[in-house]
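Please open the model in your viewer and set it to a cartoon representation. The tour below proceeds selection by selection.

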Amino acid sequence: MTPLPDRVLVVGLARSGRAAVPALRGAGAEVVGYDADTALDVTELAADVTLGEWDDGLLDDVDVVVKSPGVPDLAPPVVAARARGIDVISEIELGVRLLPNPIIGVTGTNGKTTTTALLGAILGEAGWKVEVAGNIGRPLSSLVGTIDDDAWVVCELSSFQLEDVTTLQPRVAVLTNLQPDHLDRHGSFETYGAAKLRVFERQGPDDVAVVPRAFRAVPGDARRVEFAADDELPAEPLIRGVHNRENAAAATAAARAVGVTDEAIARGLQTFPGVEHRIEEVATVDGILYVNDSKATNAAAAIRGVSAFAGRRKHVILGGRGKAESYDGLALAFEPGDRAYLVGEAIDEIAVALEAHGVPYVVTGTLERSLQEARVDASSGDVVLLSPACASFDQFTSFEHRGEEFRRLVQKLSG
């Protein structure tokens, strides 16, 4: 645990920032809060909060800025803080500084949420005290003062959260995979990849780095353990798809690294049902299976979703806010007879790739119309799959919001 300075500014007052404020106050810090969104309800936050236009005066007497993951490096508060030489840390770094608990960190482009949740389930099956936090939805700093010091924390880590960590040293760090994503924010695949690999930087010889088979060298001095989808596992996972077997292999390697028995790992693999919005089978209506894969927010994730139903005719809803990546690989994943339904800001870019590879598509514009069209086109035995390959922020507040709307519309179809 690392002492904090007297006065701290929290930038971004959504989920992560709201967790950071009480954690900081519990550690004895005076807290100032800022968010550009004037519509936020901050009445319950125990901090001096400013909303709207940024004022550099908010940094007066501030020693540390805690940055929420949604706040980019070029945001005015961050630029101003660094110009003054003020330390900028992520909410994850705050949690690390305040928690003495052993941490398993899980990052990667795709599969990190499923791997994180599965690891939590496996440690639970082993009878260990365990909490799951981070990018999976529960801020790490929200655990401060609420868990036993010897409880393990399995923490999902996004590239945004890893941008500003300085003391994070997971006992085990897992990289599920590394593919282009968030290039709209990071600018290049190299910068994005470097952010991901920061999870390994401070690991020592007593720590473990779990990486895909034949992955390049990673920073730090941890003992390296590799995994792959074709690994021999203690049991076959309940969750569907080759990519989920790869996630299971990563979780198995990490669990073994901390001493969990194969018997407990097997129980976890055989009973873990998966995570919401990740190839979630919502309902079967008139013999048509409706699947919510709203978390597929990039092309690589959507390829995994499409491939999970190989051999079945698929009606795939694609689109949203693109991430400056190619959709050619996704178009190649479609099989003869499959069809796409395009929504959102990325319609034109996706359509170009589909046309180039002869994939039929319909421009529907919205999720509701896509489902209406797909229901007419589909036959018994087919799959209607929401696997958008894009972020949700053009029409929805989050991928969860998009997935919940898909569920609602499917339930409406089913009566």
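Begin by selecting Glu-281; its bridge partner is Val-291 in strand β13. Please keep in mind throughout that this is a predicted model.

Extend the selection to residues 280-285, which are strand β12, and to residues 288-292, which are strand β13. These two strands pair in the antiparallel sense, over 5 bridges. Together β12 and β13 form a hairpin with 2 residues between them. In the turn, select Asp-286, whose phi is positive, at about 55°.

Next, display the open sheet of 6 strands, whose order is β7-β8-β6-β9-β10-β11. The pairing in this sheet is parallel. In general, strands of a sheet pair through backbone hydrogen bonds, in either a parallel or an antiparallel arrangement.

Which strands lie at the edges? Select 130-134 for β7 and 223-227 for β11: each of these edge strands pairs on one side only. On average, and with direction ignored, neighbouring strands of this sheet are turned by 20° against each other.

Remain at the β7 edge and add residues 152-156, strand β8. β7 and β8 run parallel and are joined by 5 bridges. To find one position in this pairing, select Val-130, which stands opposite Trp-152 in β8.

Now add helix α4, which packs on the sheet and touches β6 (103-107), β7 and β8. The direction of α4 makes about 165° with that of β8.

To display the helix itself, select residues 112-125 for α4, and then residues 262-271 for helix α9. The two helices pack with their axes 8 Å apart, at an angle of about 130°. That angle makes α4 oblique to α9, because only values over 145 degrees count as roughly antiparallel and values from 65 to 115 as roughly perpendicular. The crossing of α4 and α9 is right-handed.

Which residues make this contact? On α4, select Leu-118, Ile-122 and Glu-125; on α9, select Ala-264, Ile-265, Arg-267, Gly-268, Leu-269 and Thr-271. By character, the residues of the contact of α4 with α9 comprise 5 nonpolar, 2 polar and 2 charged.

Finally, show the side chains of Glu-125 and Arg-267, which meet in a salt bridge with an N to O distance of 3.3 Å. This pair links distant parts of the chain, since Glu-125 in helix α4 and Arg-267 in helix α9 are 142 residues apart. Across the whole structure, a search finds 33 salt bridges.

Conventions: Residues are numbered from 1 along each chain as its sequence is written. This is a predicted model: local features need pLDDT of at least 70, side-chain atom pairs count only at pLDDT 80 or more; totals for chains, interfaces and linings use all residues. Side-chain values use heavy atoms; hydrogens and water are left out. Axes are lines fitted to C-alpha atoms, for helices over the stretch in contact, and angles run from 0 to 180 degrees between N-to-C directions. Helices (H or I, at least four residues) and strands (E, at least two) are DSSP runs, numbered from the N terminus. Angles under 35 degrees count as roughly parallel, over 145 as roughly antiparallel, 65 to 115 as roughly perpendicular and the rest as oblique. A crossing is left-handed if the near helix is turned anticlockwise from the far one by less than a right angle, and right-handed if clockwise. Contact means heavy atoms within 4.5 Å. Ala, Val, Leu, Ile, Met, Phe, Trp, Tyr, Cys and Pro count as nonpolar, Asp, Glu, Lys and Arg as charged, and the others, Gly among them, as polar. Two strands pair if DSSP finds at least two bridges between them. A salt bridge is a side-chain nitrogen of Lys or Arg within 4 Å of a carboxyl oxygen of Asp or Glu.
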